[in-house]
Amino acid sequence: MKAAERAAVADAFKEIKERAESRWRELWHNKPVIMVGTATCGRAAGALEVLQTFRDEVKKRNLDCPVIEVGCMGHCYAEPLVIISKPGYPPICYGYVNPVIAERLLKEFVLGDNPCPEFVIGALEENDIVPSFTDFPRAQYEQKIILKNCGHTDPTEIDHYIAGGGYSALAKALEMTPEDIVDEVKKSGLRGRGGAGFPAGLKWEYCRNTRGRPKYIICNADEGDPGAFMDRSILESDPHSVIEGMIIAGYATGARYGYIYVRAEYPLAVERTQIALTQAKKFRLLGNHILGSSFNFDIILFQGSGAFVCGEATAMAASIEGKPGTPRARPPRMTTEGLFGKPTVVNNVKTLAFVPPIIRNGAGWLKSTGTKESSGTAVFALAGKIVNTGLVEVPMGTTLRQIIYEVGSGIPGGKRFRAVQIGGPSGGCLPEPALDLPVDFDSLRDAGAMMGSGGMVVLDEDDCMVEIARYFLEFTQRESCGKCTFCRLGTKQMLEVLNDFTLGQGKIEDIDSLERLAEEVKAGSLCGLGQTAPNPILTTLRYFREEYEEHILMGRCPALMCRQLIAYYILPDKCERSCDACVGSCTVEAISANKKRIKVIDQEKCVKCGTCLAACPPQYNAVVKLSPPSEVPKK
Amino acid sequence: MKSVSLSIDGKKITAKEGTKILRAALENDIYIANLCAIKDKAEPNAACRLCFVEIEGEEEPVTACTREATDGMVVNTRGERALELARTGFELLMASHPVDCANCPANGVCELQKIAKHIGGKLKTKRFRQLLRELPIDDSNPLFTYDPNKCVLCGRCVWVCRQRKETALLGFAHRGFKRVVTTFAGEPIGAERCLDCSACVEVCPTRALAFKGGEKGLGYRGWVV
């Protein structure tokens, strides 16, 4: 780039940045600001009603108090979340807010002087008034790089992103040579966050060095794992970080077009990303002559129609081309022959979101976080039997125990930890001894799981490992495209065997033949879906084999989960004569009182729905589950 | 065009650079089990997963249809690990194939029979459970019948039909175990759009597509579609 062009870029960006900063200052100047988290997690908990309440109240009272929508702060367990920033106070985050609480917060804190400590989750800064997030045990482990803006800025306002340093990496990148950028990303050790952990810089270099035009960048936002929601949250909360990363990737690899492939089932992510694209274009950060330079790059938002296999790069390219979303054999690599037969880089949402901070702060900065082979941070969606469900970002190398017990606050209800499922249907279940494993790409793979895109589902003593394996197999079997023999028929055969196990059927030899077939499906399948589909089986067999054996040999489900292998029973010693709660709750009239007014379940009629167990008052706790069903005492 | 020399099962072979192992082998009369390979299609289907071979210096078997032959490569098509994988793939196919050879028009010319013999695979599976789909047979075309139950989803008929871009009729529908070769919206295969060229029948390795009057002198053409 010539000096004159460089100067033009610098000038153009300076103007944009100054305007954004003045608007940002204006927003906070001498007035309270209310921020409502309205990402999907917040909306599911009622954030839109809370937002409306604040807006109505502010309007009714004619207050100078902006009410803005922000994304997900990661504390999804406490949604809806609201941050109120008021001069004289630190910004304070409130949780479990409903319209009634919202009204109180407005009256007592915004208009009055009571920060309502009873609703406080934490303040964003240390202070003498209310506890702050830095006092939480999790603060010691969390380090936010790509989730930094999430929940603190309005994702539909490009100025918020720019005022926080956004797009400065693009401006800086345009002054560098593409080769230098590729080098910087290579040196940073950034590995692909889609799961496999391929070095991102190397992928860019392959694409850059391949002839053929136009080149493409695809942002893979086809997140489909049950229990994973990292990519959705980032697109809903901070879409510009991904867009900026893509533009830089485009410049570095010589690409002309970018596609964001996002699931149509993520309507809010689609909407906010589209708004962000329109704004970036308006600010000349996207399109022809970006920031007045000679670099042209456009991004198209493409909505996928809910096929899990389209998360696989070659199937994704086929889908964008308008063909059925089935994978093809590799090589040729995507960087050689990708979308429309042209060199293409496919990067995950999180990988791209890492690019701007790397360019801003340099390769060494990312390298200083994480482990030697896996630099930077890992983002996980904590779900399942865990107190603090939500999004966390921790340096690579943090142990699973720290993530689950310190950041996630452990398992609710005093239950015992059973396993943690990492990486979704492609990942595996790791047992208690694996908890001290440092989390990075290689150690998880050695343990039989994989980083996957970052879903982390915690399982407790009530979760049956055979049923978990069956559940994930059912998912992959349904989502298999059916093109190749091993995945189409192998997953079906394995599912049939697992179905039998959860019914207490099958022979003990079936375990070995299941394991053999699982290894062969792994080795024989065409694409990543089939090659990783057996992982839930292989890891549960590796770590929880005795549970399989119990199912088959004793007809017993140790977690009391497999319905065919359990029976409900009312303990006569504990049953209270004057109570009829279970009788009324039973959906099939299987419960009756005997002469002594002790309730008895007719096992023939019982459909094992469990409502009696839920209905029995906790002071009696008379209903129990027994396995195998023959444990029920005969009269 | 440069050429490469390699050895397959001890036989010295030269092939054009960029040729896949499967093609190099078949053109030199070395048979490797395959169902979905198509000579004139540049990109391999790589769907049937039967053409596993072992390459000296590599730990895992690879599919011969996807791997390019390179200079000095030593290929073994009879390696036990490769054959084991191919047998499993084959047995999976057979577990979902209604095996009734005596009453099947393909008997004697069936590619599945040939493969079973070649790799030592089983036509009647003991290892897996029989999972049949029991789909209706389409008898609507005057020249041939289509029995989707016998179909192994190799995709040769779809490819050959699609060469006639204007009048192409066949395609895939559904996912996973339910994947099936069918027509648009599942209309009968004897519908007006079909030109009765019967090219699809000639390439079907299992006679899922079969002439009503027997073979008509048009034997199975194998991978040379």
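A residue counts as buried under 20% relative accessible area, as exposed over 50%, and as partly exposed in between. Glu373(A), with 47% relative accessibility, is therefore partly exposed. The side chain of Glu373(A) meets that of Lys372(A) in a salt bridge, with N and O 3.8 Å apart. Lys372(A) itself falls in the exposed class, because its relative accessible area is 70%. The model in which these residues sit is a predicted one.

Chain A can be taken as a whole before its details. The secondary structure of chain A amounts to 23 helices and 18 strands. Along the principal axes, the C-alpha atoms of chain A fill a box of roughly 95 × 65 × 40 Å. The radius of gyration of chain A is 27 Å, which agrees with the value near 26 Å for a compact globule of 635 residues. Of those 635 residues, 60% count as buried. Contacts in chain A also reach across the sequence: among those between residues at least 6 apart, 71% join residues at least 24 apart.

Two salt bridges in chain A show how separate parts of the sequence are joined. In one of them, Lys385(A) pairs with Asp463(A), and the closest N and O atoms are 3.1 Å apart. Lys385(A) belongs to the loop between strand E10 (377-384) and strand E11 (390-395), while Asp463(A) belongs to the loop between strand E14 (455-460) and helix H17 (465-479), so this pair ties together parts that are 78 residues apart in sequence. The partners fall into separate accessibility classes: Lys385(A) is partly exposed at 27% relative accessibility, and Asp463(A) is buried at 7%.

The other pair is Arg401(A) and Asp436(A), whose side chains meet in a salt bridge with an N to O distance of 2.9 Å. Here Arg401(A) comes from helix H15 (residues 400-407) and Asp436(A) from the loop between strand E13 (428-431) and helix H16 (441-446), so the pair ties together parts that are 35 residues apart in sequence. Arg401(A) is partly exposed, with a relative accessible area of 30%. Asp436(A) is partly exposed as well, with a relative accessible area of 47%.

Arg232(A) is a further residue to look at in chain A. It is found in helix H9 (residues 230-237). Is Arg232(A) buried or exposed? Its relative accessible area is 14%, and since the cut-off for burial is under 20%, Arg232(A) counts as buried. Beyond residues up to four places away in sequence, Arg232(A) touches Thr40(A), Cys41(A), Glu223(A), Tyr266(A) and Ala269(A).

Chain B offers a buried residue in a strand. Val181(B) lies in strand E8 (residues 180-183) and has a relative accessible area of 2%, so it is buried. Leaving aside neighbours within four places in sequence, Val181(B) is in contact with Tyr146(B), Cys151(B), Leu153(B), Cys157(B), Val158(B), Leu170(B), Gly171(B) and Phe172(B). The C-alpha atom of Val181(B) is separated by 9.4 Å from that of Val152(B), which is 29 residues away along the chain.

The remaining topic is where the chains meet. The contact draws 31 residues from chain A and 27 residues from chain B. Between them the two chains bury about 2,600 Å², and 56% of this is on carbon and sulfur atoms. Which three residues supply more than any other three of the area that chain B buries against chain A? They are Leu92(B), Arg129(B) and Arg175(B), with 24% of that area.

Polar and charged interactions also cross the interface. There are 13 residue pairs in polar contact between chain B and chain A, counting pairs with both residues at pLDDT 80 or more. Helix H2 (residues 80-95) of chain B gives the most to the side of chain B that touches chain A, with seven residues. By class, that side of chain B has 13 nonpolar, seven polar and seven charged residues.

Salt bridges between chain B and chain A number four, while the whole structure has 48 over all chains. One that joins the two chains is formed by the side chains of Glu84(B) and Arg516(A), with N and O 3.0 Å apart. Both residues also take part in a network of salt bridges that links Arg516(A), Glu520(A), Glu80(B), Glu84(B), Arg87(B) and Arg127(B).

Definitions and conventions:
Residues are numbered from 1 along each chain as its sequence is written. Chains are lettered from A and ligands numbered from 1 in the order in which they are written. Side-chain values use heavy atoms; hydrogens and water are left out. Contact means heavy atoms within 4.5 Å. Buried area is the accessible area (1.4 Å probe) that two parts lose on being put together, summed over both. A polar contact is a pair of N or O atoms within 3.5 Å; within protein, one must be able to donate a hydrogen and the other to accept it, and residues adjacent in sequence count only if both atoms are side-chain atoms. Helices (H or I, at least four residues) and strands (E, at least two) are DSSP runs, numbered from the N terminus. Ala, Val, Leu, Ile, Met, Phe, Trp, Tyr, Cys and Pro count as nonpolar, Asp, Glu, Lys and Arg as charged, and the others, Gly among them, as polar. Buried means under 20% relative accessible area, exposed over 50%, partly exposed in between (1.4 Å probe, protein chains only). The radius of gyration is taken over C-alpha atoms; the globule rule is 2.2 Å times the number of residues to the power 0.38.
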